Amino acid sequence: MAKDSRPKSAAVRKASTKKGQVTGSGGQGRRKLEGKGPTPKAEDRVYHKAHKNKQLAERAAAKREANRPRTRGSGFGTDDAVAGRNAVVEALREGIPAKELHVAADIDSDGRVRESLRFAAERGIRVKEVSRRQLDTTTGEAVHQGVALVLEPYDYAEAGEFLEDALERARKGYIPQQPLMVACDSITDPRNLGAILRASAAFGADGVLIPERRSAGVTATVWKTSAGAAARLPVARAKNLTQAIKEAKEEGYFVLGLDGEGDVDLPGLELAEEPLIIVVGSEGKGLSRLVRENCDQIVSIPISAATESLNASMAVGISLYEIATLRSGGAGRAA
């Protein structure tokens, strides 16, 4: 039989008889020795719970961004800035408390810009020259036309002290009639709050009460919508509206909740001459349960059957007008 003359491979070559030498792989397992690198983060591993939580968080953030009200073209800007030449002039003319007037470095001046600068100088408001990119940031990407007014934080009154002080002034004869307040229960839209302030100022309310949570605050949008009423009518803020109502009742106030299914009709309201707090709820949900339970009366405004409900500011305006009429001696007409 012929002897195989082909050379044997390294993998099958017999081990040398020399001491210390063993059969090797010829470098074929080199990659196995390199390792797999650093361990990926938990959120980057598709099988890990952290990865799923990260995806859920990203989806929630995207949803919030999609539902966020856009300010472009609104003239309101962010919560603390009014954007646009017309809006800024109107805000300064109405005396809205402001700390800075921001003007673009490359702005083309016109009558509105010059008027804004004049108002700012008269009121001692600082004028700051900024870039358009800075204006974009200040106004929340609103159409600012090269000018924005940065507002001062609103100075809220403390609810308890405010309500007690109004009663004391009435008792001492400093005001001719008993206090008349409006309380907002879960009014979260700043335009609704601005309209309520406007109606309250127009029909004789002495102030407006809002809760700290689940409520719009006095922002640039509220200033704009109130048409200057926010500068004339004090707004008090309560940590808890239900508790503030309870304490007000102990001081001597009567609390009337507005609701379409009330047990008392507004015309000829018997409590009109008393110290009053008129509570208005959100247009969607109405009065909250706890607030409703602590009202002395639930008052309804008679409306046509073809109309389902009134918006919050309209209900406030009608109620305040009727109370003012009754207080001035028009009870016979109203009844």
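Begin by selecting His 144 and Asp 136, whose side chains are joined by a polar contact of 2.8 Å. The model on display is a predicted one.

**First stop: the loop around His 144**

Keep His 144 selected; it is found in the loop between α4 (132-138) and β4 (147-151). Is His 144 buried or exposed? Its relative accessible area is 6%, and because the limit for a buried residue is under 20%, His 144 counts as buried. Now display what surrounds it. Leaving aside neighbours within four places in sequence, His 144 is in contact with Ala 83, Gly 84, Arg 85, Arg 132, Leu 135, Asp 136 and Thr 139.

Next, select Gln 145, which lies in the loop between α4 and β4. The phi of Gln 145 is positive, near 55°, in a residue other than glycine. Gln 145 is partly exposed, with a relative accessible area of 36%.

**Second stop: the whole chain**

Zoom out to the full chain, which holds eleven helices and twelve strands. Of its 335 residues, 39% are buried. Among contacts with a separation of 6 or more, 77% are between residues 24 or more positions apart.

**Third stop: helix α5**

Select residues 159-171, which form helix α5. The 13 residues of this helix should span 18 Å at 1.5 Å a residue, and its end C-alpha atoms are 19 Å apart, which agrees. At the start of α5, look for Glu 158: a side-chain oxygen of this residue reaches to within 3.1 Å of the backbone nitrogen of Gly 160.

Which residues of α5 are buried? They are Ala 159, Phe 162, Leu 163, Ala 166, Leu 167 and Ala 170. These residues cover an arc of only 130° around the axis, which puts them on the same side of α5. A general point helps in reading this pattern: an α-helix has 3.6 residues a turn, so residues three or four places apart point the same way. Turn the view to the other side of α5, where Glu 161 and Arg 171 are exposed.

Then display the elements that cover the buried residues of α5, which include β5 (157-158), β6 (180-185), β7 (207-211), β8 (235-238), α8 (241-251) and β11 (276-281). To leave the helix, move on to Gly 173, which follows α5 and has a positive phi, near 80°.

**Fourth stop: the nonpolar cores**

The largest nonpolar core has 60 residues. Select Val 82, Leu 149, Leu 151, Val 182, Cys 184, Ile 196 and Val 280, the members that touch the most other members. Helix α10 (residues 312-327) supplies the largest share of this core, with six residues. Apart from this core lies another, of 22 residues, among them Leu 163, Leu 209, Ala 236 and Ala 244.

Centre the view on Cys 184, which counts as buried at 0% relative accessibility. With neighbours within four places in sequence left aside, Cys 184 is in contact with Leu 193, Ile 196, Val 208, Leu 209, Ile 210, Pro 211, Leu 241 and Val 280. Select Cys 295 as well; it is buried, with a relative accessible area of 11%. How many disulfides does the count come to? The count comes to zero.

From here, go to Ser 186, in the loop between β6 and α6 (190-202). The phi of Ser 186 is near 65°, a positive value in a residue other than glycine. At 26% relative accessibility, Ser 186 counts as partly exposed.

**Fifth stop: helix α10**

Now select α10, which has 16 residues. From its first C-alpha to its last, α10 reaches 23 Å, close to the 22 Å expected at 1.5 Å a residue. Twelve of the 16 residues are buried, so α10 is largely enclosed by the rest of the structure. Colour the buried residues to see this, including Ala 312, Val 316, Leu 320, Ile 323 and Leu 326, and also Glu 322 and Arg 327. Gly 329, with a positive phi near 100°, follows α10.

**Last stop: Ile 298**

Finish with Ile 298 in strand β12 (residues 297-300). Ile 298 counts as buried at 8% relative accessibility. Select Asp 259 alongside it: the two residues are 39 residues apart along the chain, while their C-alpha atoms are separated by 6.4 Å. Beyond its neighbours within four places in sequence, Ile 298 is in contact with Gly 257, Asp 259, Gly 262, Asp 263, Val 264, Leu 287 and Arg 292.

Conventions. Residues numbered from 1 in each chain as written. Predicted model: local features only at pLDDT ≥ 70, side-chain atom pairs only at ≥ 80, totals over all residues. Heavy atoms only, no water. Core = buried A, V, L, I, M, F, W, Y, C linked by side-chain atoms within 4.5 Å. Buried < 20%, exposed > 50% of the residue type's maximum accessible area, 1.4 Å probe, protein only. Helix = DSSP H or I, 4+ residues; strand = E, 2+ residues; numbered from the N terminus. Contact = heavy atoms within 4.5 Å. Expected span 1.5 Å × (residues − 1). Arc of directions from axis to C-beta. Polar contact = N/O pair within 3.5 Å; in protein donor to acceptor, adjacent residues only side chain to side chain. Disulfide = S-S within 2.5 Å.
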